[in-house]
Amino acid sequence: MEINQIKSFNTRMDSFIDKLLPELRDIYKDIHQNPELSLQEFRTAKIAADYLTKYQFEVTTEIGITGVVGVMKNGNGPTVMLRADMDALPVAEATGLPYQSTKIARDEDGVEVGVSHVCGHDLHVTWLMGAARLFSEHRDVWKSTLMAVFQPGEEVGRGAQGMIDDGMMERFPKPDIILGQHVMVGESGTVGYRSGAILSAGNSLKVKIFGRGSHGSQPQTSIDPVIMAAATTMRLQTIISREVAPVENAVLTIGALQAGTKENIIPDDATLKLNIRTFNDGVKDHILSAVKRICCAECAASNAPRDPEFTTLDSYPLTENDAKATAKVAEAFHVQFGDKAQETLPASASEDFSVFGRNWKVPYVFWFVGGTDPQTYLEAKKNNQINTIPSNHSTKFAPVIDPTLKTGLQAMMTAAAAWFN
Ligand code: ZN
Ligand code: ZN
């Protein structure tokens, strides 16, 4: 649609959106109270699939375990894919909200964990359901093919690839554009877009270091993996500070460091778990090879009996928005939101959203929707305390429903409308 058409489309949708909001609030709270871990999103997928069926989409389920695709062919025009991820996190929610999750589930290792939507994917699902219904009910004002995709397993980095591996590209029309959004800390009512890298690449790995255990009173008979792990931990931080150019951004966090059981036993081995975030593939490759070099060298320095063992835990590609497509989305956002749509800085979070665009080799655009109560956010901003607002994955991450629900729905519909005929 042209800009003036988007304007009248938005005006026409506004009252329909308001009429739909009570239903969407109920759907949101229901999904929030019934979160499901990655690749176990059976109930959520059914809710989405039933809704798409009710509103006349051609629906396919169980793609890559729980993935759902709804296609609506509505005349000539580009194929627009809208994507929402469905999974929750193994986190016991502590928001204190009246609709707080109290669910418990078993993770992939069979361990019982609290489960909650502290990344906000419940909002993503609700937004896409709302957009699907409204586009279906107003088929007279747009022509194109709409593809609504509900993706599992984002939090484990395997959901999008799982759908691709299950024949997604052969079974459904190739999109001309792929659009997705994420609720983030930010003033509710605003959206943030960015051309180029908007989310970091994320790489996690486990490093197992081998020593030789012995009695704590006789260190001369040991090769102490605790010393090796400690030295490695410190030295790994020099990759970012000494090997990455100051104008590049990168993060390396060692979030787990495990060795031993008792104070007077030198253990046989130690394990480090690392998470790396980068905004440039060259930097990423350099850091990954530097991690291996330093781990091996520290082990050699201690005369370790063997090289460390490296296991990939997850790998998220860079989310790098297409410049031309982003400009089109941004223009439409400004029509809808005025100066409540703003260019944003990239975030050092990662997503597997780009897996679809990368495999299909089509442009994609991903943007942020603010979820923080405006007064709280502006107050924190004034006092330079934005970092104290509980962010995604915190036990206290609690986006406000209003106006976040409406803003995300408007953003998704406006961005899609920019492509429709
Ligand atoms: Zn997350
Ligand atoms: Zn997320």
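Domain 1 and domain 2 bury about 870 Å² between them, and 58% of that area is on carbon and sulfur atoms. I should state at once that this is a predicted model. The domain assignment places residues 3–198 and 318–417 in domain 1, and residues 201–316 in domain 2. The contact draws on 13 residues of domain 1 and 9 residues of domain 2.

Which residues of domain 1 lose the most area to domain 2? They are Leu318, Ser348 and Ser350, which together supply 60% of what the domain 1 side buries. As for charge pairs, the rule finds 0 salt bridges across the interface of domain 1 and domain 2. The C-alpha centres of the two domains are 36 Å apart.

I turn now to the metal ions, beginning with the zinc ion (ligand 1). Its coordination comes from Cys119 through SG, from Glu155 through two OE entries, and from His393 through NE2, at 2.0 to 2.7 Å. Along the chain, these donors follow the spacing C-x35-E-x237-H. What is the geometry of this site? The site of the zinc ion (ligand 1) is irregular, with angles of 52 to 147° among its 4 donor atoms. A tetrahedral assignment would require all angles to lie between 85 and 135 degrees.

Cysteine 119 also bridges the zinc ion (ligand 1) and the zinc ion (ligand 2), and the two ions lie 3.1 Å apart. Where in the fold do cysteine 119 and histidine 393 sit? Cysteine 119 is in the loop between strand 5 (112–114) and helix 3 (121–137), while histidine 393 is in the loop between helix 10 (374–382) and helix 11 (404–417); the pair therefore ties together parts that are 274 residues apart in sequence.

These two ligands can also be described by their accessibility. Cysteine 119 counts as buried because its relative accessibility is 7%, and the cut-off for that class is under 20%. Histidine 393, at 40% relative accessibility, counts as partly exposed.

Next, the zinc ion (ligand 2). Which protein donors does this ion have? They are Cys119 (SG), His121 (NE2) and His182 (NE2), at 2.1 to 2.5 Å from the ion. Their spacing along the chain is C-x1-H-x60-H. Of these donors, cysteine 119 and histidine 121 are both buried.

To close, I return to the bridging residue. Cysteine 119 appears among the donors of the zinc ion (ligand 1) and among those of the zinc ion (ligand 2), and thus links the two sites as a bridge.

How values were computed:
Residues are numbered from 1 along each chain as its sequence is written. Chains are lettered from A and ligands numbered from 1 in the order in which they are written. This is a predicted model: local features need pLDDT of at least 70, side-chain atom pairs count only at pLDDT 80 or more; totals for chains, interfaces and linings use all residues. Side-chain values use heavy atoms; hydrogens and water are left out. Donors are N, O and S atoms within 2.8 Å of the metal (3.2 Å for Na, K and Ca); water is not among the atoms, so sites may look incomplete. Four donors count as tetrahedral if all angles lie between 85 and 135 degrees; four count as square planar and six as octahedral if opposite donors are over 155 degrees apart and all others between 65 and 115; anything else is irregular. Helices (H or I, at least four residues) and strands (E, at least two) are DSSP runs, numbered from the N terminus. Buried means under 20% relative accessible area, exposed over 50%, partly exposed in between (1.4 Å probe, protein chains only). Domain bounds come from an automatic or database domain assignment. Contact means heavy atoms within 4.5 Å. Buried area is the accessible area (1.4 Å probe) that two parts lose on being put together, summed over both. A salt bridge is a side-chain nitrogen of Lys or Arg within 4 Å of a carboxyl oxygen of Asp or Glu.
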